[in-house]
Amino acid sequence: MNNNVRTSGIALVTALSVMVVVGILVAGSYLVTQMELSITRNDATSLQARYVATAGVEKYKAALFQYFRYVEDYFTSRANPPRTACYSRMGAGLDWDRNGTVETAWSSNRITFPPEPVYDADGTTRIGEYTVSIMRDPSNNKVYTIEARGNSNGARATVRSTVLLDNTGVLEQAIFSGSGQANKFINGGTTIRGGIYVVGDETQPDDTVFHSNGNFALLNEYDLTDTGRYGDMYLRVTEANRTADELCANLRVMDGRVELNGSVQLGTPDNTLLGVYIGDDIDSDLIINTTLLTCTETKGVCADDGPSAFDITREFAPRFPTLDSPPNEASDCDLSTWRACVHADSADHGLVISRSSGVIVPPGATFSDSPSCNAFIADGLATGVLTFGNDPINCLASGGGRTFGFKYTPGSIAKLEIYGPIDFRGFNVVINKDLEYYAQTTTGGTTVRNSAITVEKEGGQGGDLDIYGRFLTGVTGAPGFPEHVLALVVENDVYQGASQVMAPIYSGGTYRTGSNNILIGSVVTDYFCTTKAGKNDSKNSSDKCNAGQNSEVVYVNTGNNKPDIMRYVDFAGFPVFQVLSTEVR
């Protein structure tokens, strides 16, 4: 009896234990299943929140790029941002309605938009909402970060995308060169601070358009306060533009090859170029000494992107402009050629000195029969050269309360006062003395601190400019460069024999500079030559440019203060949209 009772008790305890274990297993299985379902639901909602945030990023990436294209083509404001390095016309804010009024201004370099709902594909079920912020890089006006915070059924996700909005326009580079650069050199100890764009010759795509050696450097920054190199030039530049640690510099060659030797440096390890893009086929078009492919402190190719093939669709890629090219469609000149626009501007609010027609002043203006101006022109007719040297020149006209033309006062540093665009036709022009220029143009009741000198051929004569004296922005009672600009537009060749020049320059032939010469501004030229040797030879004598000297070009963008004559050639080019990084959290 006792044994039976004991046996029954053990069996009962065992049965109960088994039931408890089974219950625990069932409960555990249920809990695991519930947890898996919960995790699945959380994963689904988290993924959904991420998709919602991604939708916001993609929408505003597209909107930002479309707006960038709009302002590059149609923005005409004269107001310059304080700093023009990596200049972007979106600096004032966003005019989403395209009506000329900025509806959304930057606040501490950030714009945040109200939340927006997201619906399913049928547009009936709301699956979440996102809030988007656009942030601009305070040191680079072309870099923007789009951040979207997505919310779906309580789950949250954040997606960020950093993009570069760039333009390949003619005046967006330190040097823009044409087909004349084919089989030529940019070498020696030359330093270019800013981007280089070479069109090249599509009929000779195997020509070396960029053959560099020695200590050549293409860099992405400048510091004009380095008085050992630049002296007091920085005092003639607005304070915000005296230094720049980001110039958005690229090297682009549409047709041609590149060869690098010696201690050539493209970018530096701590300040890389944005990209290096050469020809149609990187394997055959880019010829680089393999020791230079590795970026080092002293030499190499230091770029965020590339070396790789030319990255712009050819039909949209900018070509080298001539005076007989059509003007920029977005400019306010609707004439057939850039030359016609120059002539119209000079005749309307400037001064023309023509070999065949004499002095031409705007309608209603009176030209003073100045002995000094007459002597200046007579000497030009006799020699073919108009010279700014030891003699004063007064070629001023007046009318309607305005002044037109120019006045030159010699001295230890001469003074050149320019009122409106000046067009010299049929002469070569020589600047023999150091000078400060004071430029202004009044048109439509508005006066701006810029102007232009054009040197054209006429009857097969003239069209060259030689600069032997320093050519500097005057600052007494005037702002510094680039708030104060005198552009030089030359149909043929420009020779920089002076140590210091401050101007945006166009040369339809050869731009030649040499040892220890510095240009602050930019150069658009068919052929860029870095040695003084062979000045009087044809621009096609490439052997005269293979011994490059330690000249320097420092790209300071004139921004919105471009003279109208340069605006006409500022082709918008092809906008570039590049995603630099994407982050999901």
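Me: Which helices and strands each supply at least two residues of the lining of the largest cavity?
Reply: This is a predicted model. Its largest cavity has a volume of about 90 Å³. Two helices and two strands each supply at least two lining residues: helix H4 (338–349), strand E29 (435–443), strand E31 (450–456) and helix H6 (564–567).

Me: Which element gives the most to the lining of the largest cavity?
Reply: Several elements supply at least two residues each, helix H4 and strand E29 among them. One gives the most, with 3 residues. That element is E31.

Me: Which residues are the closest to the centre of the largest cavity?
Reply: The volume here is about 90 Å³. The lining counts 14 residues. The closest to the centre are His-349, Thr-441, Asn-450, Pro-563 and Asp-564.

Me: How many charged residues are in the lining of the largest cavity?
Reply: Sort the lining by class. Nonpolar residues number 5, and polar residues number 6. The charged residues number 3.

Me: What is the volume of the second largest cavity?
Reply: The structure holds 6 cavities of 30 Å³ or more. The lining of the second largest includes Leu-171, Pro-504 and Tyr-555. Its volume is about 50 Å³.

Me: Which residue is the charged one in the lining of the second largest cavity?
Reply: This lining divides into 5 nonpolar, 3 polar and 1 charged. Asp, Glu, Lys and Arg count as charged. Look for one of these in the lining, which also includes Ser-522, Asn-557 and Met-566. The residue is Lys-562.

Me: Where is the cis peptide bond whose proline lies in a strand?
Reply: Pro-307 lies in strand E19 (residues 303–308). Omega of its cis bond is about 5°. The bond joins Gly-306 and Pro-307.

Me: Where does Pro-482 lie?
Reply: A cis peptide bond joins Phe-481 and Pro-482, with omega about 5°. Strand E33 (471–473) and strand E34 (485–490) flank the site. Pro-482 lies in the loop between E33 and E34.

Me: Is Ser-108 buried or exposed?
Reply: Phi of Ser-108 is near 55°, a positive value in a residue other than glycine. Ser-108 is found in the loop between helix H1 (2–74) and strand E1 (110–112). Exposed means over 50% relative accessible area. Ser-108 has 72%, so it is exposed.

Me: What is the relative accessible area of Asn-153?
Reply: Asn-153 is found in the loop between strand E4 (140–152) and strand E5 (155–167). Phi of Asn-153 is near 50°, a positive value. Asn-153 is exposed, with a relative accessible area of 64%.

Conventions: Residues numbered from 1 in each chain as written. Predicted model: local features only at pLDDT ≥ 70, side-chain atom pairs only at ≥ 80, totals over all residues. Heavy atoms only, no water. Helix = DSSP H or I, 4+ residues; strand = E, 2+ residues; numbered from the N terminus. Buried < 20%, exposed > 50% of the residue type's maximum accessible area, 1.4 Å probe, protein only. 1 Å grid on protein atoms, 1.4 Å probe; cavity = no way out; pocket = protein on both sides within 12 Å on 5 of 7 lines; lining within 4 Å. Points joined across faces, edges and corners; volume = space filled by probe spheres on them.
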